[in-house]
Amino acid sequence: LTAGEDGKIRVYDEQTRQLTETLEGGGGGLPGHTNRVFCAKFVTEDPNLIVSGGWDKNVKIWDVRTAQCVRGIIGPFIAGDSIDVHDGFILTGQHTPTNQLQLWYLSNGELAENIPFDEKLPSAKDVQLYSTQFQKNSYDLIIAGGSGSNEVKVFDGDSFFEPCYRIYNLSRACFSADFSNSGEMFAIGGGDGVVRVFDVTKER
């Protein structure tokens, strides 16, 4: 699965290395992206579905069986690897100074919840997100990081998304954040050229 500057989503067969679908909207479905796409993900629970987003402030849900866009969410400005999907929810991280972290219903595209980034642990500057992700394995935590305040926060879904970790005073923006497959560790990387690894099993 690839996406980029031309706004199209391309799906490849991993075994044959051949292009199988180009998703660009129109025809019998909804319009496609009108600007570059920064993130595209398969839906783990239904691999026929793909979720994508980019600079056109639209998150699109695609069905590879029909090669059509079947649902759209207007609003999220995606500028990095900041879409994830789990258990019927789409997580988006916006590169904007407000409403940065949001949950949407996959089934109908409606907003489920805003997750305040600065309500409990305020930052000196507004963060603008480049990366966000559900914790792998248990999915209890959400990680998000970006520019502006140049920081990363981890939110606990079991306590109404209270922030439980904060990595701040980074000299440059965080461009990437990723949980390990076990969900017990996460790594962050950014403009300072350093990859940092953290253990979430340690005392918070």
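The questions and answers below concern strands, salt bridges and cores in a predicted model.

Reader: In what order do the three strands of the open sheet stand?

Author: The sheet is open and its pairing is antiparallel. β16 (174-179) and β18 (195-199) stand at the edges with a single partner strand each, so one side of each has no neighbour in the sheet. Neighbouring strands are turned against each other by 20° on average, direction ignored. The order is β16-β17-β18.

Reader: How many bridges join β17 to β18?

Author: Strand β17 covers residues 185-190 and runs antiparallel to β18. Among the facing residues, I188 has R196 as its bridge partner, and G189 stands opposite V195. The number of bridges joining the two strands is five.

Reader: Which residue in the turn of the β17 and β18 hairpin has a positive phi?

Author: The hairpin leaves four residues between its two strands. One residue in that turn has a phi of about 75°, and this residue is G193.

Reader: Which residue meets R196 in a salt bridge?

Author: R196 lies in β18, as the bridge partner of I188. Its relative accessibility is 27%, so R196 counts as partly exposed. The residue that meets R196 through its side chain, at 2.8 Å from N to O, has 24% relative accessibility and is therefore also partly exposed. That residue is D192.

Reader: Is E151 buried or exposed?

Author: The side chain of E151 meets that of R166 in a salt bridge, at 3.0 Å from N to O. The pair links distant parts of the chain, 15 residues apart: E151 is in the loop between β13 (141-147) and β14 (152-156), and R166 is in strand β15 (residues 162-167). R166 counts as partly exposed because its relative accessibility is 29%. For E151 the relative accessible area is 1%, so this residue is buried.

Reader: What is the relative accessible area of R65, and what is that of D63?

Author: The side chains of D63 and R65 meet in a salt bridge at 2.8 Å, N to O. R65 is exposed, because exposed means over 50% and its relative accessible area is 56%. D63 is buried, because buried means under 20% and its value is 10%.

Reader: Which backbone nitrogen does the side chain of Q133 reach?

Author: Q133 belongs to strand β12 (residues 128-134). Its relative accessibility is 8%, so Q133 counts as buried. Among the residues that Q133 touches are A177, D178 and F179. The side chain of Q133 reaches, at 2.8 Å, the backbone nitrogen of F179.

Reader: Which elements give two or more residues to the largest nonpolar core?

Author: This core has 14 residues, and those with the most contacts inside it are I143, V152, V154, F186 and I188. Two or more residues each come from β13, β14, β15, β16 and β17.

Reader: Which residues does F186 touch, leaving out those up to four places away in sequence?

Author: F186 is one of the residues with the most contacts inside the largest nonpolar core. Another residue of that group, I188, has a bridge partner in β18, namely R196, and R196 is also touched by F186. The full list for F186 is I143, V154, I167, D178, F179, R196, V197, F198 and V200.

Reader: How many residues are in the second, separate core?

Author: Nonpolar side chains tend to be buried together in soluble globular proteins. The second core is separate from the core of 14 residues. V59, I78, I83 and L106 are included in the second core, and its residue count is 13.

Key
Residues numbered from 1 in each chain as written. Predicted model: local features only at pLDDT ≥ 70, side-chain atom pairs only at ≥ 80, totals over all residues. Heavy atoms only, no water. Pairing = 2+ DSSP bridges. Axes fitted to C-alpha atoms, helices over the stretch in contact; angles between N-to-C directions. Buried < 20%, exposed > 50% of the residue type's maximum accessible area, 1.4 Å probe, protein only. Polar contact = N/O pair within 3.5 Å; in protein donor to acceptor, adjacent residues only side chain to side chain. Contact = heavy atoms within 4.5 Å. Salt bridge = Lys/Arg side-chain N within 4 Å of Asp/Glu carboxyl O. Core = buried A, V, L, I, M, F, W, Y, C linked by side-chain atoms within 4.5 Å.
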